[in-house]
Amino acid sequence: MSHIHLPDGVISPVWWITAWIICITLLWLFARKLQGDELRRKTPIAGVIGALMLIFMSLPLGFIPVHLSLAVLSGILAGPGLGLIAAFAVNTVLALMGHGGFTTIGINTLLMGGEAVLGYYLFKAASGRIGAVISAITANIIALTLSTALMIVIVSSAAGLTQALPIHSHDDHGQAQHGQAHIDEGQYTEDKGSEQSIENVQFLSLAGWSAVTLVILAGIFIESLVTGLIVRFFSRVRPDLLDSAVKG
Amino acid sequence: MHIAAIDYMANNGDSFLHQARPVTKVFISFLFLVCLIISSQIGKALVLLVIPIILILLSGVNLREVLHLAAYPLVFSLIFALIRMQQSWILGMLVLIKALGAALNMLLLLATTPYTDLFGVFSYVLPGVIVDVFLFTYRSLFILLDKLENMVKSIRLRGGFHPMKLLFNLKNAAGALGVMTIHAFDMSERMYRIYSLRGYKGKIPVTRDWWPLRLVDGLLLLFSLIVLTGVLIPWNI
């Protein structure tokens, strides 16, 4: 859900280089943990989880302009380490296909892998108390909300999204002359000032943000619902697949 | 998914780019990517956009397929371009050109290099287990896509899809995805057994032919260095 498809050249190098360093460090730590038979057994699992994530992403959701990633489900099924490794593989394949930048693989992996890691631990903590399906839905909602919030913070601070926010000063554009003109026009009365404030609110932009919020909420709702339904299916047909997360 | 078409082009092409060493292609792709990222002039960025287009035309890969895939990053970058356009239209255009240029670079690389060769180059810098995950992901993807296609056909034939019943569709889709996930896990178990029998110890051997470089490699490297120099020099014409 939080896969942002940030293209190359949008995010400042400080952000993507830092994300790459954190991502490679985490991958190296998780990869180092896998040894012997566990390594032989779990590497194909991470591979198929990656393939499944790519397929889930390719499924259209009709009129809603988001796609599933089922990263939380992947985390629940494969565990946090493999979930992160699979997210890295997915983002690299997507970047090679021009779907998201190569420089932003680190950020995208941290966001998507973060969902898998967080989802796994939330599901593990809750499944003993409130049942697998509700736990999966709850874990999904929390993980997706947090990763989406993080994504918005990153994009806002890195890509200058403040420019698109409904209320911002014209000086934000760096148009010193334009700002000066407002001052030179003379004294504003209190009424004129409030009219100006109302004009400053970009209603089109506000509507745009409302639409974005609605789309994000719809995406989180659908992904959580599908995850819950799949977990329900597993708990009936193959409960052993959930064992690693339920029993630890 | 267009991944099958791209894979076909990479494995069946016979152009000079297909014949170049994978390591050369990866090197020049990343060099062009760096050039695009650091270029702040629209003229330079445009040249860097035209270069992969020319190389795509020369390499004989299906331009339509590549442009179709390149349209996605263009659409996604449009949001950022519109935001930047509030500052200046040049900044907005730069975002679009950089996104499209970078995507075309990556697509050119993928369409002219078989994935095993590509991941072989990655194995110079990534741990073996990660490269194996790439290989397993790529291999599983095609098998699972086939399964999904059959499953979707079955669902439609049995009346499991109604355009107006969203919850009904979601329930059936979740069931289908669940079945596919179970298939995938069974498949991974089979892969584990097969690879264990063949002596897999956590690192699939991949070919990494990079020496000796051929004439085409030399020419591509020379060309990429000229482009890098052109980007770094502040032209005042």
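This passage walks through a predicted model of chains A and B, from the fold of chain A to the contact between the chains and a few individual residues.

Chain A is a helices-and-loops affair: the secondary structure comes to 10 helices and 0 strands. Following the sequence from start to finish, the pattern simply reads α-α-α-α-α-α-α-α-α-α. Of the 248 residues in chain A, 52% are buried. Contacts within the chain reach a long way along the sequence: among those with a separation of 6 or more, 80% are between residues 24 or more positions apart. The accessible surface of chain A comes to about 10,800 Å², and carbon and sulfur atoms hold 67% of that.

Next comes the contact between the two chains. Chain A puts 66 residues into it and chain B puts in 65. The size of an interface is often given as the accessible area lost when the parts come together. For chain A and chain B the area buried is about 5,800 Å², with carbon and sulfur atoms giving 81% of it. Three residues stand out on the chain A side: A:R40, A:L96 and A:M97 supply 13% of the area that chain A buries against chain B, more than any other three residues.

Polar links across the contact can be counted too. There are 4 residue pairs in polar contact between chain A and chain B, counting pairs with both residues at pLDDT 80 or more. On the chain A side, α1 (13-33), α2 (36-58), α4 (80-96), α6 (132-159) and α9 (203-237) each bring at least two residues to the face that touches chain B. The top contributor to that face is α2(A), with 18 residues. Sorted by type, the residues of this face of chain A split into 45 nonpolar, 15 polar and 6 charged.

Salt bridges come next. Searching the whole structure turns up 3 of them over all chains, and the count between chain A and chain B is 2. One of the bridges pairs A:R41 with B:E189, whose closest N and O atoms are 3.0 Å apart. A:R41 sits in helix α2 of chain A and B:E189 in helix α9 (residues 166-197) of chain B, so this pair joins two chains. A:R41 has a relative accessibility of 33%, so it counts as partly exposed. B:E189 is partly exposed as well, with a relative accessible area of 26%.

A:R238 takes part in the other bridges described here. The side chains of A:R238 and B:D186 meet in a salt bridge, at 3.3 Å from N to O. This pair crosses between chains, running from A:R238 in the loop between α9 and α10 (240-247) of chain A to B:D186 in helix α9 of chain B. Within chain A, the side chain of A:R238 also meets that of A:D240 in a salt bridge, with 3.0 Å from N to O. Shared partners link A:R238, A:D240 and B:D186 into one network of salt bridges. As for accessibility, A:R238 is partly exposed at 22%, A:D240 is partly exposed at 40%, and B:D186 is partly exposed at 32%.

Two more residues deserve a look, one from each chain. A:A95 lies in helix α4 of chain A, a helix that supplies at least two residues to the face touching chain B. With a relative accessibility of 1%, A:A95 counts as buried, because the cut-off for that label is under 20%. Setting aside its neighbours within four places in sequence, A:A95 is in contact with A:G100, A:G101, A:F102, A:I105 and B:M106. The C-alpha atoms of A:A95 and A:P7 are 9.0 Å apart in space, although 88 residues separate the two in sequence.

Over in chain B, B:I83 lies in helix α5 (residues 63-85). At 6% relative accessibility, B:I83 counts as buried. The C-alpha atoms of B:I83 and B:V95 are separated by 10.0 Å, the two residues being 12 residues apart along the chain.

Notes
Residues are numbered from 1 along each chain as its sequence is written. Chains are lettered from A and ligands numbered from 1 in the order in which they are written. This is a predicted model: local features need pLDDT of at least 70, side-chain atom pairs count only at pLDDT 80 or more; totals for chains, interfaces and linings use all residues. Side-chain values use heavy atoms; hydrogens and water are left out. Contact means heavy atoms within 4.5 Å. Buried area is the accessible area (1.4 Å probe) that two parts lose on being put together, summed over both. A salt bridge is a side-chain nitrogen of Lys or Arg within 4 Å of a carboxyl oxygen of Asp or Glu. A polar contact is a pair of N or O atoms within 3.5 Å; within protein, one must be able to donate a hydrogen and the other to accept it, and residues adjacent in sequence count only if both atoms are side-chain atoms. Helices (H or I, at least four residues) and strands (E, at least two) are DSSP runs, numbered from the N terminus. Ala, Val, Leu, Ile, Met, Phe, Trp, Tyr, Cys and Pro count as nonpolar, Asp, Glu, Lys and Arg as charged, and the others, Gly among them, as polar. Buried means under 20% relative accessible area, exposed over 50%, partly exposed in between (1.4 Å probe, protein chains only). Accessible areas come from the Shrake-Rupley method with a 1.4 Å probe; for residues, only the protein chains shown count as cover.
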